[in-house]
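Colleague: Hi! Could you walk me through this one? I'm still new to reading structures.

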Amino acid sequence: MKKILMLIIVILLFSGCATVKEKKSKEELLRESVNYYWNIRLKGELQKIYNIEDKNFCPSFEDYKVEAALIRKFDIREFNIKEVTIKNNIAKVIVEFSFYMPPVSKPFKQSIIDRWIWKDRKWWHIFNKK
């Protein structure tokens, strides 16, 4: 009876361990956030973009719409995360993207530095007008 009880306990312990989710690193979470941000930016989903902006660095939504209209004048087609650096709770992400500017038919490539901040167990984008 003792052996059966021990076997049941061992099985329960192992089955519990199998269901524990692996915790993601800050960098993995950051990369997911950056991908989400740029994908919704490509789609022009302004409200969703605004929702992940850190409000300490961002204007009101009405002012944000005006600023974002200037940013959206470029027809961005694709992006690539080139480099990620995290120091304390601030991240610097170098993002390369391709965009079109009529009348030129070939895409231009540009890299920018995106800044992010880790707060409340989540990455928030730091809005920059440039």
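**Strands and a surface patch**

Modeller: Happy to! Let's begin with Phe 108, which is found in strand 3, residues 108-119. Keep in mind that this is a predicted model.

Colleague: Is Phe 108 buried, partly exposed or exposed?

Modeller: Phe 108 has a relative accessible area of 34%. Buried means under 20% and exposed means over 50%, so Phe 108 counts as partly exposed.

Colleague: Okay! Which residues make the nonpolar surface patch?

Modeller: Phe 108 helps make that patch, together with Met 101 and Val 104. The patch covers about 230 Å².

Colleague: New topic: how do strand 2 and strand 3 pair?

Modeller: Strand 2 and strand 3 run in the antiparallel sense, with ten bridges. As one example, Val 93 has Asp 114 in strand 3 as its bridge partner.

Colleague: And how many bridges link strand 1 and strand 2?

Modeller: Eleven, again in the antiparallel sense. Strand 1 spans residues 75-87 and strand 2 spans residues 90-100. Asp 75 has Tyr 100 in strand 2 as its bridge partner, while Lys 87 is matched with Ile 90.

Colleague: What sits between those two strands in the hairpin?

Modeller: Two residues lie between strand 1 and strand 2 there. In this hairpin, Asn 88 takes a positive phi near 60°.

Colleague: Last one: is strand 2 mostly covered or mostly open?

Modeller: Mostly covered! Of the eleven residues in strand 2, eight are buried.

Methods
Residues numbered from 1 in each chain as written. Predicted model: local features only at pLDDT ≥ 70, side-chain atom pairs only at ≥ 80, totals over all residues. Heavy atoms only, no water. Patch = residues over 30% accessible without salt bridge, like charges linked within 9 Å, V, L, I, M, F, W, Y side chains within 5 Å. Areas by Shrake-Rupley, 256 points an atom, 1.4 Å probe, with all protein chains shown as cover. Salt bridge = Lys/Arg side-chain N within 4 Å of Asp/Glu carboxyl O. Helix = DSSP H or I, 4+ residues; strand = E, 2+ residues; numbered from the N terminus. Buried < 20%, exposed > 50% of the residue type's maximum accessible area, 1.4 Å probe, protein only. Pairing = 2+ DSSP bridges.
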